[in-house]
Amino acid sequence: MPLPPIDAARSLLVLVDIQARLVPAIADAEAMIANARRLKDAAGILGVPVLLTEQNPDALGATVRELAGGETIAKMEFDVTRREGFLAHVPDGAEVILAGCEAHICVLQTAFGLMAAGHPVRIVRDAVGSRRTENREAALARLAAHGADIVTTEMVVFEWIGTAAHPRFREVVRLIK
């Protein structure tokens, strides 16, 4: 059964490991960061909660400056749901919007962990990355085959607002253009 349209009131945006020392190795990192920024800004406008994760920040650095700020969870686990206490940050009934890197490691394992915990997961195709494109594409195919919904930044943003009559429509649309 397909997932219903994305509902801002039930969403949680999780930006996975978009870190200063990792990003230079990610294929098409500039576009990934730009789309993650659009998602984070739209979430801020619409009141969608945002969590950031950082994989081994002592080695990989902090979240890139374009996305810095907000609740950040440091971790060593690839699947952040294995970090003690993480799932307490995910509201009951939340559908999780995932973006970040690397698609075939931390994003993939986190998505599987979230789905095992009963949360619908949306993977933002144009806001995830890996060092090698084939790893990213394999992760997206595997995630889709296992029930994750593969979406784009614009799909998320426009489903969050739902209508051109939304009071924040113009403000949100400016993020896309």
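Student: Over how many bridges do strand 5 and strand 6 pair?
Tutor: Strands here are DSSP E runs of at least two residues and helices are H or I runs of at least four, numbered from the N terminus. Two strands pair if DSSP finds at least two bridges between them. For strand 5 and strand 6, which pair in the parallel sense, the count is three bridges.

Student: And what kind of model is this?
Tutor: Residues are numbered from 1 along each chain as its sequence is written, and side-chain values use heavy atoms, with hydrogens and water left out. Local features need pLDDT of at least 70, side-chain atom pairs count only at pLDDT 80 or more, and totals for chains, interfaces and linings use all residues, as the model is predicted.

Student: Which residue stands opposite R122?
Tutor: Look across to strand 6. The residue there is D149.

Student: Which strands stand at the edges of the sheet?
Tutor: The sheet is open, has six strands with parallel pairing, and runs in the order 3-2-1-4-5-6. Each edge strand has a single partner, so one side of it lacks a neighbour in the sheet. Those are strand 3 (72-75) and strand 6 (149-151).

Student: At what angle does helix 4 run to strand 5?
Tutor: Helix 4 (residues 133-145) lies across strand 5 and strand 6. Axes are lines fitted to C-alpha atoms, for helices over the stretch in contact (heavy atoms within 4.5 Å), and angles run from 0 to 180 degrees between N-to-C directions. For helix 4 against strand 5 that gives about 170°.

Student: Within what arc do the buried residues of helix 4 fall?
Tutor: Buried means under 20% relative accessible area (1.4 Å probe, protein chains only), and in helix 4 that covers R136, A139, L140 and L143. Their cover includes helix 3 (103-116), strand 5 and strand 6. The arc is taken over directions from the helix axis to the C-beta atoms. Seen down the axis, these residues line one face of helix 4 because they fall within an arc of 100°.

Student: What about just after helix 4: which residue takes a positive phi?
Tutor: The phi there is about 105°. It belongs to G147.

Student: Which element gives the largest share of the largest nonpolar core?
Tutor: A nonpolar core is a set of buried Ala, Val, Leu, Ile, Met, Phe, Trp, Tyr and Cys residues joined through side-chain atoms within 4.5 Å. The largest one has 33 residues, with L15 and W160 among those with the most contacts inside it. Strand 1 (11-16) and helix 5 (153-161) are among the elements giving two or more residues. The largest share, nine residues, comes from helix 1.

Notes: Buried < 20%, exposed > 50% of the residue type's maximum accessible area, 1.4 Å probe, protein only.
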